[in-house]
Amino acid sequence: MLRYSFQLIFIVLFISLLDAQEPTSVRDSYVKQEIRISMRDGVKLFTAVYSPKDTTQLYPIILIRTPYSVGPYGTDNYPRSLRPSPLLMKEGYIFVYQDVRGCYMSEGEWVELRPHNPKKQSSRDIDESSDTYDTVDWLVKNLPRNNGRVGITGISYPGFYATMGTIGAHPAVKATSPQAPIADDFIGDDDHHNGALLLTAMFDFYARFGWPRPQPTTLRDRSVDFGTPDGYQFFLNLGPLANANERYFHNEIKYWNEVMSHGSYDPYWEKLNVLPHLKNITPAVMTVGGWFDAEDLYGPLKTYATIEKNNPKTSNILVMGPWSHGQWASGNATHLGAVDFGSNTSEYFQKNLELPFFNFYLKGKGTPNLPEASVFLTGANEWRSFESWPPKNFASKNLYLRENGELSFDPPGNDAPAYDEYVSDPTKPVPFTNQTVVGFPREYMVEDQRFVSNRPDVMVYQTPPLDHDITIAGPIVPSFVVST
């Protein structure tokens, strides 16, 4: 650890996407089927199944439900690899991928973060939990050579669906791994962070993904012509948010309109919050997140903590690595931007955590001796195991914003200035990256932000030189009193 100082620079952060796969052979070892599975209300969901060609044993099922397509479509078209990892593919599972309701080749209406409905009155009352239950029920009853055990996983939106499959789970579901799952879309995930709208993140995503899909199709995403390679300039040119509909969306993107209509944490957002429903959890759960995940850092930590609180007898573990969004699914997560992790952290996760987790609960292979919390300490560049998270043996400390730009563990005296102030000019907003780019380079989460530190509308606080190493673990909670 370097003995320098802490420096806080207050800016707005946004998101990037990652979906990397390792090239490998699938066709030689697996047989592909495409099936349409009927839900309790008659809607059929398009499902791709990859079963091992070896018929000498029974195999458990790993299910991933996604709004992002289960392609390539066609029984003779195979992907380069099977998710979630080449190690699990080599180990031998039945891999099942499903287009969720209303997406790509599945029937029905897609609803953004479809709320959980714990009080279903009839077969017409559905949610993502019931769709998962019905899918699992069909799979274990109809797929040849399955051993009756199912695991559910997925990253980001598929992580949300993994969480929903954990709620009211089918008895065959023995293990789930929500990875970068959405938990509360207003408070801390994706479109909002602490209630603040991440404009660039939301606009960029729904400009591609949010358009209506009136009928099943293998093609869904559309694009918006930004007209410039400079996203900063694009949003300056956009002007008021109302112009997004007038110029680009034309009132066709339902969720955009709903977000614009609900600027505070009202009942609309309360219904979308997953956390209150994480009760009576029966499968073993391994929640996974990344410290440099600008999209869903809140979701993994809160999902783990809520399950731990509400289900003390459930096997529930947490993995937090030094990753951007979904980076642990890549083949070689040795660094992020200029930050070197000192080892291949994705390989460590896939080999030492993910593979043993599913092998034990779905195959009865190995022993359930995974740590309660496996956490990568950035800076020290090492994996650490903890009996709880946050760690019980760590002390809670306050850092105070002090006069003259000082950051200190000592509170200010009574004679210190009561506030700092600056003037914000909406026509000259603070950029979040030093790059000229539309969207987000995933490295921006570790980008050196000192390029904005001399702006008059950015406040910078810094400690004196530290006289000993400091390890920060657990939740970091800012507390401000702000007036405008």
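How many nonpolar, polar and charged residues does the lining of the second largest cavity have? In this predicted model, the lining of that cavity is made up of 6 nonpolar, 3 polar and 2 charged residues. The cavity itself holds about 30 Å³ of space, and the structure has 2 cavities of 30 Å³ or more. Rolling a probe the size of a water molecule over the atoms is what shows where empty space is left.

A closer look at the walls of the second largest cavity helps to place it in the chain. One stretch of the lining is Leu113, Arg114, Pro115 and His116. Phe160 and Met164 also line the cavity, as do Lys271, Leu272, Asn273, Val274 and His277. Two elements, α3 (157-166) and α8 (267-272), each give two or more residues to this lining.

Helix α3 also takes part in a helix-helix contact. Helix α2 (residues 128-142) packs against α3 at an angle of about 75°, and the two axes are 8 Å apart. The angle makes α2 roughly perpendicular to α3, since values of 65 to 115 degrees count as such. On the α2 side, the contact is formed by Glu128, Ser129 and Thr132; on the α3 side, these residues meet Phe160, Tyr161, Met164 and Gly165. By class, the contact of α2 with α3 contains 3 nonpolar, 3 polar and 1 charged residues. Phe160 and Met164 thus appear in two settings, in the lining of the second largest cavity and in the contact with α2.

A second pair of helices can be described in a similar way. The axes of helix α5 (residues 231-238) and helix α6 (residues 242-249) come within 9 Å and cross at roughly 105°. These two helices are therefore roughly perpendicular to each other. From α5, the residues in contact are Phe234, Asn237 and Leu238, while α6 brings Asn243, Ala244, Arg247 and Tyr248. This contact has 4 nonpolar, 2 polar and 1 charged residues.

Tyr248 leads on to the aromatic residues. The structure holds 46 aromatic pairs, among them Phe203 with Tyr248. The ring centres of Phe203 and Tyr248 are 5.8 Å apart and the ring planes stand at 90°, so this pair is edge-to-face. Because Phe203 belongs to helix α4 (residues 199-209) and Tyr248 to helix α6, the pair ties together parts that are 45 residues apart in sequence. Tyr248 is thus found both in the contact with α5 and in a ring pair with Phe203 of α4.

Some features of the backbone also deserve a mention. Most residues other than glycine have a negative phi, and most peptide bonds are trans. Against that background, the bond that joins Arg83 and Pro84 is cis, with omega about 15°. Pro84 sits in the loop between β4 (59-66) and α1 (86-91). Another cis peptide bond runs from Trp389 to Pro390, with omega near 0°, and Pro390 is placed in the loop between β15 (382-386) and β16 (400-401). Ala180, although not a glycine, has a positive phi of about 50°. This alanine, Ala180, lies in the loop between β7 (173-179) and β8 (192-193).

Note on methods. Residues are numbered from 1 along each chain as its sequence is written. This is a predicted model: local features need pLDDT of at least 70, side-chain atom pairs count only at pLDDT 80 or more; totals for chains, interfaces and linings use all residues. Side-chain values use heavy atoms; hydrogens and water are left out. On a 1 Å grid over the protein atoms alone, a cavity is a set of points where a 1.4 Å probe fits but cannot get out, and a pocket is an open set with protein on both sides within 12 Å along at least five of seven lines; lining residues have an atom within 4 Å of a point. Grid points are joined across faces, edges and corners, and a volume is the space filled by probe spheres set on the points. Helices (H or I, at least four residues) and strands (E, at least two) are DSSP runs, numbered from the N terminus. Ala, Val, Leu, Ile, Met, Phe, Trp, Tyr, Cys and Pro count as nonpolar, Asp, Glu, Lys and Arg as charged, and the others, Gly among them, as polar. Axes are lines fitted to C-alpha atoms, for helices over the stretch in contact, and angles run from 0 to 180 degrees between N-to-C directions. Angles under 35 degrees count as roughly parallel, over 145 as roughly antiparallel, 65 to 115 as roughly perpendicular and the rest as oblique. Contact means heavy atoms within 4.5 Å. Rings of Phe, Tyr and Trp (its six-membered ring) pair if their centres lie within 6.5 Å; planes under 30 degrees apart count as stacked, over 60 as edge-to-face and the rest as tilted.
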